[in-house]
Amino acid sequence: MGLSIQLVNTTLTAEMERQAKGKGKGKEGQSAVSDIVSHLLEDGEFEAVLTTVGRDTLPTLARIDPYDDTEFDHYFCELALAELDRVAGRPLSVAENSFLSELRLMFQQALSEPAYIVRFIGD
């Protein structure tokens with residue numbers, strides 16, 4: 001199994017707040033209710049990219065634990081985009097390039113909205 005990657009709107013509407021209060025808190029104090037804007041499932045492409053280009057080339061992405069949850073705010077999205085720019089044009093498989101394109105788009109979308117984050121959900 002791979003990572004589940006979500007673009008999340010962290011702004012809760014009043015109705016969502018009421019629902020969240022009724023459900024309590026999720027993992028690590030996260031609200032039980034959030035608005036998932038888009039979703040990406042990876043099936044080994046993430047680790048393959050890190051192996052191909054080297055973890056030291058993608059240090060921000062390399063810090064993601066595939067067995068835990070990690071959230072990227074705007075700061076980390078900017079760092080990750082800069083790293084992806086550095087590996088653009090490197091020889092990667094079609095699946096790896098497709099995955100990186102989708103991930104890049106997700107980071108760009110997160111940066112376009114103040115309340116968006118990218119959440120990596122590990123196994």
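Author: pLDDT is the predictor's confidence in each residue, running from 0 to 100. What you're looking at is a predicted model, where local features need pLDDT of at least 70, side-chain atom pairs count only at pLDDT 80 or more, and totals for chains, interfaces and linings use all residues. Residues are numbered from 1 along each chain as its sequence is written, and side-chain values use heavy atoms, with hydrogens and water left out.

Reader: Okay, so in which helix is confidence highest, and at what mean?

Author: Overall, the protein has a mean pLDDT of 85, with 81% of its residues at 70 or more. Helices here are DSSP runs of H or I with at least four residues, strands are E runs of at least two, and both are numbered from the N terminus. Confidence bottoms out in helix α1 (residues 14-23), at a mean of 66, and the top spot goes to α4, at 96.

Reader: Which residues have a pLDDT below 50?

Author: One stretch falls under that mark, and beyond near neighbours in sequence it has ten contacts in the model. Contact means heavy atoms within 4.5 Å. The stretch in question is residues 28-32.

Reader: In what order do the elements run?

Author: There are five helices and four strands to place. Reading from the N terminus on, the order is β-α-β-α-α-β-α-α-β.

Reader: At what angle do the axes of α4 and α5 cross?

Author: Two packed helices are described by the angle between their axes and the distance between the axes. Axes are lines fitted to C-alpha atoms, for helices over the stretch in contact, with angles from 0 to 180 degrees between N-to-C directions. For α4 (residues 74-87) and α5 (residues 94-112), the axes come within 9 Å, and they cross at roughly 145 degrees.

Reader: And how many nonpolar residues are in that contact of α4 with α5?

Author: On the α4 side you'll find C77, A80 and L84 among the residues that meet α5, whose side includes L100, F107 and L111. By class, the contact has three charged residues (Asp, Glu, Lys and Arg count here), two polar ones (the others, Gly among them), and the nonpolar ones (Ala, Val, Leu, Ile, Met, Phe, Trp, Tyr, Cys and Pro) come to nine.

Reader: Why does T60 count as buried?

Author: T60 is found in helix α3 (residues 59-62), and beyond four places in sequence T60 touches F72, F76, L79, A80 and E83. Buried means under 20% relative accessible area, exposed over 50%, and partly exposed in between, with a 1.4 Å probe and protein chains only. T60 is buried because its relative accessible area is 8%.

Reader: How far apart in space are V8 and V37, C-alpha to C-alpha?

Author: V8 belongs to strand β1 (residues 4-9) and is buried at 0% relative accessibility. Along the sequence V8 and V37 are 29 residues apart, while in space their C-alpha separation is 5.6 Å.

Reader: Is I36 buried or partly exposed, and with what relative accessible area?

Author: I36 lies in strand β2 (residues 35-41). Leaving out residues up to four places away in sequence, I36 touches Q6 and L7. I36 is partly exposed, with a relative accessible area of 41%.
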